[in-house]
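Biologist: Could you take me through one part of this model in some detail, keeping to the place where two helices meet and to what lies along them?

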Amino acid sequence: MKIPENYLPVMPYLILDKAASFLEFAKKVFGATEQLIVPGEDDRGIMHGEIKIHNAVIMFANSNENWKQKTSGMFIYVENVDTVYMTALEMGAKSLQQPNQQSYAYAAGFEDPFGNQWWINQGE
């Protein structure tokens with residue numbers, strides 16, 4: 001099996017009502033970088049987008065009449081749970097779990113303004 005460079009065997013693909021706003025949220029909260037942004041036609045916004053958070057790739061696109069919004073839940077390691085959690089809340093996210101020590105890691109959870117749930121964990 002040959003996987004193209006810059007991709008992984010499994011990548012989430014989010015269909016979002018506000019893809020451009022999601023892109024800005026991901027940049028601010030996670031330090032995401034753009035890998036590929038294909039503009040849509042007729043006010044679609046983003047036809048296909050790809051961001052990287054560390055080595056992970058998340059693909060996304062604007063919803064339309066044929067492709068309705070499909071969100072996801074993601075488990076992600078971050079450098080600083082407190083900083084990411086507070087930045088997410090400042091950007092309009094809703095708390096699902098305040099930062100606290102769990103048996104597996106220092107962790108928290110939030111739902112972004114686009115309906116995705118993020119379970120953030122601080123590696124040791």
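Modeller: What follows is a close look at a helix pair, with a short word on a surface patch at the end. The model is a predicted one, and in it helix α1, which covers residues 19-30, and helix α2, which covers residues 81-90, have axes that come within 9 Å and cross at roughly 145 degrees. The crossing by which α1 passes α2 is right-handed. On the α1 side the contact is made by F25, K28, V29 and F30, while α2 contributes V84, T87 and A88; sorted by character, the residues of this contact comprise five nonpolar, one polar and one charged. Within α1 there is also a salt bridge, formed by E24 with K27, whose closest N and O atoms are 3.7 Å apart. These two residues, E24 and K27, are both in helix α1 and sit three residues apart, which is about one turn of the helix. The count of salt bridges comes to two. Turning to the surface, a nonpolar patch is formed by F75, Y77 and Y104, which together have about 380 Å² of accessible area, and of these Y77 has its place in strand β5, residues 73-78.

Conventions:
Residues numbered from 1 in each chain as written. Predicted model: local features only at pLDDT ≥ 70, side-chain atom pairs only at ≥ 80, totals over all residues. Heavy atoms only, no water. Axes fitted to C-alpha atoms, helices over the stretch in contact; angles between N-to-C directions. Helix = DSSP H or I, 4+ residues; strand = E, 2+ residues; numbered from the N terminus. Left-handed = near helix turned anticlockwise from the far one by under 90°. Contact = heavy atoms within 4.5 Å. Nonpolar A, V, L, I, M, F, W, Y, C, P; charged D, E, K, R; others polar. Patch = residues over 30% accessible without salt bridge, like charges linked within 9 Å, V, L, I, M, F, W, Y side chains within 5 Å. Areas by Shrake-Rupley, 256 points an atom, 1.4 Å probe, with all protein chains shown as cover. Salt bridge = Lys/Arg side-chain N within 4 Å of Asp/Glu carboxyl O.
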